[in-house]
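Visitor: I should like a close look at a single part of this protein. Please take one strand and describe its surroundings, its partners and the side-chain contacts of its residues.

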Amino acid sequence: MFTVTVKSPEATMALGKQLAPELRPRDVILLDGDLGAGKTTFTKGLAAGLGITRNVKSPTFTIIREYQGGRIPLYHMDVYRLEDGSGDELGLDEYFNGDGVNVVEWSKFIADELPENYLRIVFKRDDDAGENQRTLSFDPRGEHFIQLVNQLAGADHE
């Protein structure tokens with residue numbers, strides 16, 4: 001487990017951008033934690049790091065947004081509205097075994113459908129320390145993500 005504190009939305013985006021070059025098709029990144037803690041902001045950084053120029057928006061009402069035009073596609077999912085467990089109807093397996101990076105917000109609602117290997121990042125608002133301060137905890141599952149987090153842990157963060 002690796003934990004980092006960021007003090008601005010720009011620092012959150014920079015962390016996503018830093019992670020992006022190491023990602024490959026079929027990677028699954030789970031973003032969990034507080035509302036308004038920076039999950040979509042982080043995803044904007046990932047998209048920029050992948051070379052995607054389209055504006056990234058929260059997929060809350062569409063559930064899945066697809067972004068093409070970068071090094072590899074980005075599939076951004078917000079499964080909060082699936083708290084009744086109806087994720088199997090979305091064809092998540094096709095995304096998880098497809099050609100892009102999968103970012104899943106609120107993963108607890110599809111826990112039974114997650115692959116064995118993934119990177120979970122838990123976002124926590126630190127409102128007592130400042131309006132924009134967040135703590136991000138990285139929990140890797142599988143060798144690829146363990147190496148990725150170790151590499152990230154060795155880098156400088158603002």
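Guide: The account below follows strand β7 and its contacts.

The model is predicted, so local features are given only at pLDDT of at least 70 and side-chain atom pairs only at pLDDT 80 or more, whereas totals for chains, interfaces and linings use all residues. Residues are numbered from 1 along each chain as its sequence is written, and side-chain values use heavy atoms, with hydrogens and water left out.

Strand β7 spans residues 134-141; strands here are DSSP runs of E with at least two residues, and helices are runs of H or I with at least four, both numbered from the N terminus. Seven of the eight residues of β7 are buried, where buried means under 20% relative accessible area, exposed over 50% and partly exposed in between (1.4 Å probe, protein chains only).

β7 has pairing partners in β1 and β6; two strands pair if DSSP finds at least two bridges between them. With β1 (residues 2-6), β7 forms an antiparallel pairing over five bridges, in which F2 is the bridge partner of F138. With β6 (residues 118-125), the pairing is also antiparallel and runs over eight bridges; here R125 stands opposite R134 of β7.

F2 and F138 also meet through their rings. The structure holds three aromatic pairs, a pair being rings of Phe, Tyr or Trp (its six-membered ring) with centres within 6.5 Å, stacked if the planes are under 30 degrees apart, edge-to-face if over 60 and tilted otherwise. The centres of the F2 and F138 rings lie 5.5 Å apart with planes at 40°, so this pair is tilted. Because F2 belongs to β1 and F138 to β7, the contact ties together parts that are 136 residues apart in sequence. Both F2 and F138 are buried.

Charged side chains supply a further contact in β7. Of the three salt bridges in the structure, each a side-chain nitrogen of Lys or Arg within 4 Å of a carboxyl oxygen of Asp or Glu, one joins R141 and D139 at 2.9 Å, N to O. D139 counts as buried because its relative accessibility is 17%, while R141, at 35%, is partly exposed.

The neighbouring strand β6 has a salt bridge as well. R120 pairs with D32, their closest N and O atoms being 2.9 Å apart. This links R120 in β6 to D32 in strand β2 (residues 28-33), 88 residues apart. D32 has 11% relative accessibility and therefore counts as buried.
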